[in-house]
Amino acid sequence: MEEFDGSAAAGRDDVHLLHRDALDSFDEVKQRAYSFDGRGQCSIRGWDLSAATSTAGDGFYWFHVELPRGNGASHYHRLALSAQSLIHALCPPLKLQDILALSSNGPFCGHVDGALVFRVNSPGPASSAFTLRLAARVTESSLITVALGRVPRLGFSPASARSLLSEIPKVGDPGGNEDSGGGVTIPAHVLEFLLTMNHSEEGDNPVPLSMSNLLVHVVDTHVDHLQDIVAGLEKELDAVELELDSAGLNNQWAIPEGGSLLKKQMLDDRRFPKVHLDLQRLLQAVSHGEQVFPRVKEKCATKPWFSSEDVIALEELIGRLRRLKENLGFIVNRVTAVQAGLDSWQAEQINKRLYYLSFLSIIFLPLSVLTGIFGMNVGGVPWTAQKDPQIDDGFLNVMILCIALLVCLLLCFMFPTLYARMLIWRKKHSLKRKWSFKGKSYLQGHSSTGYSKISTNGVGKSNSLPV
């Protein structure tokens with residue numbers, strides 16, 4: 001009974017902890033709602049999900065929920081928090097089956113309560129940047145999406161907002177003086193970030209004219225996000241390979257310390273096993289998209305409100321995903337090659353140290369043998385002036401015993417070879433017995449001019465060459 005009460009108390013503590021974390025996560029959940037008139041205009045509206053179930057009017061609506069990545073909490077803990085956050089944000093009008101379809105892990109595409117629901121949720125930890133989750137509930141007049149963390153270029157800016165890319169850039173003055181000329185100074189870190197992106201910012205997104213355009217835009221931003229992560233991995237891998245190549249060049253010019261320290265640091269940090277794990281998570285996310293998006297295209301192609309141009313756009317995005325998966329395979333091969341190079345370098349260093357130890361053992365082993373011989377506490381040791389005839393044979397007896405032990409050890413080491421030779425001799429002897437009859441062999445040698453073969457019927461067949 002006491003154990004039951006203790007487990008119940010622990011369960012209540014876990015529930016209170018989960019409830020407290022859920023309250024904190026509700027504050028971190030970001031919600032955005034857009035309304036589109038179908039004529040190229042959009043506006044940011046309040047969070048009112050009643051429009052998600054209405055079919056009146058020519059416009060359509062988009063409701064987006066951005067879940068926080070959080071810290072290193074347990075997997076099921078974060079999954080339960082995500083489900084509670086969605087219940088808090090989307091219920092009502094959504095039902096529990098809709099929440100479970102949106103928050104569960106793994107690929108899925110199907111109809112739930114009359115709406116098309118698909119998800120590409122990776123089962124990895126939410127705190128990892130390589131764990132991607134995207135789920136959507138699509139109807140003719142509304143789209144509800146759920147994403148983990150911020151997805152670049154996903155939202156839309158109002159028409160009055162001015163894009164940074166439409167500004168005229170200028171180089172800032174190193175002295176900090178203000179320039180009276182026109183243009184906007186772009187900081188170095190912002191410029192570096194823009195150079196790594198494969199797309200523009202939210203202000204340049206074309207406003208969708210239909211629900212099919214909006215769905216294609218959501219899938220397109222998900223593929224762009226995957227491509228950004230792959231580009232970042234390629235950039236990091238290029239930098240590592242450049243450092244290793246520079247270290248190899250330094251080694252060639254007799255500066256070995258930098259390259260050795262760099263390789264040792266990479267092996268100590270276990271950098272490439274972590275990269276392998278991140279690549280596997282990313283491959284899983286790409287594979288989920290490769291499984292789900294073709295089914296989304298097939299189901300949307302049957303909808304009367306989904307245009308044929310957007311079906312073709314979905315097919316192009318599926319092709320991009322497949323090419324991205326091939327590119328990830330190339331990156332995995334590059335990481336494997338670099339890791340194999342580091343492992344071979346580590347094995348070479350170990351072999352060098354073992355060589356030095358063996359060289360030292362060659363020097364000091366004879367010395368240790370000599371000190372052991374002359375340090376024996378027996379009589380008759382040479383050059384010690386021991387003249388007692390009773391113990392004069394002690395040293396000789398010990399030497400005979402050592403030689404006998406050495407011979408036994410040599411026989412033990414030579415036994416496999418001797419045993420193999422004995423087996424070969426026995427096989428040859430048994431073959432000779434098989435090819436003989438009453439003590440006479442079937443093969444009888446003759447002079448150097450030839451030989452004769454004796455058959456079983458006793459008739460000889462000469463195979464001698466003519467003279």
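**Figure 1. The loop that holds G124.** In this predicted model, G124 sits in the loop that runs between β5 (115–121) and β6 (134–138). With a relative accessible area of 11%, G124 is buried, because the limit for that label is under 20%. L282 is a useful partner to display here: the C-alpha atoms of G124 and L282 are 9.9 Å apart in space, while 158 residues separate them in sequence.

**Figure 2. A salt bridge between strand β6 and helix α3.** Let us turn to charged pairs. R137 and D98 form a salt bridge whose closest N and O atoms are 3.9 Å apart. This pair links distant parts of the chain, with R137 in strand β6 and D98 in helix α3 (residues 96–103), 39 residues apart. R137 is buried at a relative accessible area of 10%, and D98 is buried too, at 2%.

**Figure 3. A salt bridge between helices α8 and α5.** Here R334 forms a salt bridge with E241, and their closest N and O atoms are 2.9 Å apart. Distant parts of the chain are linked again: R334 belongs to helix α8 (residues 308–374) and E241 to helix α5 (residues 211–252), with their positions 93 residues apart in the count. R334 has 25% relative accessibility and therefore counts as partly exposed. E241, at 23% relative accessibility, is likewise partly exposed.

**Figure 4. A salt bridge within helix α7.** D278 and R281 form a salt bridge with their closest N and O atoms 3.9 Å apart. The two residues are three apart in helix α7 (residues 271–301), so about one helical turn separates D278 from R281. Both D278 and R281 are buried.

**Figure 5. A network of salt bridges.** R153, D220, D224 and R320 are linked to one another in a network of salt bridges. For the wider picture, the count for the structure comes to 13 salt bridges.

**Figure 6. A stacked pair of phenylalanines.** Now for the rings: a search of the whole structure finds eight aromatic pairs. In the pair of F36 and F60, the ring centres are 5.0 Å apart and the planes meet at 15 degrees, so the pair is stacked. It links distant parts of the chain, as F36 lies in strand β1 (residues 30–36) and F60 in strand β3 (residues 60–67), 24 residues apart. F36 and F60 are buried. If you widen the view, you will find that Y34, F36, F60 and W62 form one aromatic cluster.

**Figure 7. An edge-to-face pair, W47 and F63.** The ring centres of W47 and F63 are 5.5 Å apart and their planes lie at 85 degrees, so this pair is edge-to-face. W47 is in the loop between β2 (42–44) and β3, whereas F63 is in strand β3, and the two are 16 residues apart. W47 is partly exposed, with a relative accessible area of 27%, while F63 is buried, with a relative accessible area of 0%.

**Figure 8. Two stretches annotated as transmembrane.** According to an unreviewed UniProt entry, the annotation "transmembrane region" covers residues 354–375 and 395–424. In the model, residues 354–375 are 95% helix and 0% strand, and the C-alpha atoms at the ends are 30 Å apart. Residues 395–424 are 100% helix and 0% strand, with the end C-alpha atoms 43 Å apart.

Technical notes. Residues are numbered from 1 along each chain as its sequence is written. This is a predicted model: local features need pLDDT of at least 70, side-chain atom pairs count only at pLDDT 80 or more; totals for chains, interfaces and linings use all residues. Side-chain values use heavy atoms; hydrogens and water are left out. UniProt positions are given in the numbering used here, feature names are shortened, and annotations may be inferred rather than shown by experiment. Helices (H or I, at least four residues) and strands (E, at least two) are DSSP runs, numbered from the N terminus. Buried means under 20% relative accessible area, exposed over 50%, partly exposed in between (1.4 Å probe, protein chains only). A salt bridge is a side-chain nitrogen of Lys or Arg within 4 Å of a carboxyl oxygen of Asp or Glu. Rings of Phe, Tyr and Trp (its six-membered ring) pair if their centres lie within 6.5 Å; planes under 30 degrees apart count as stacked, over 60 as edge-to-face and the rest as tilted.
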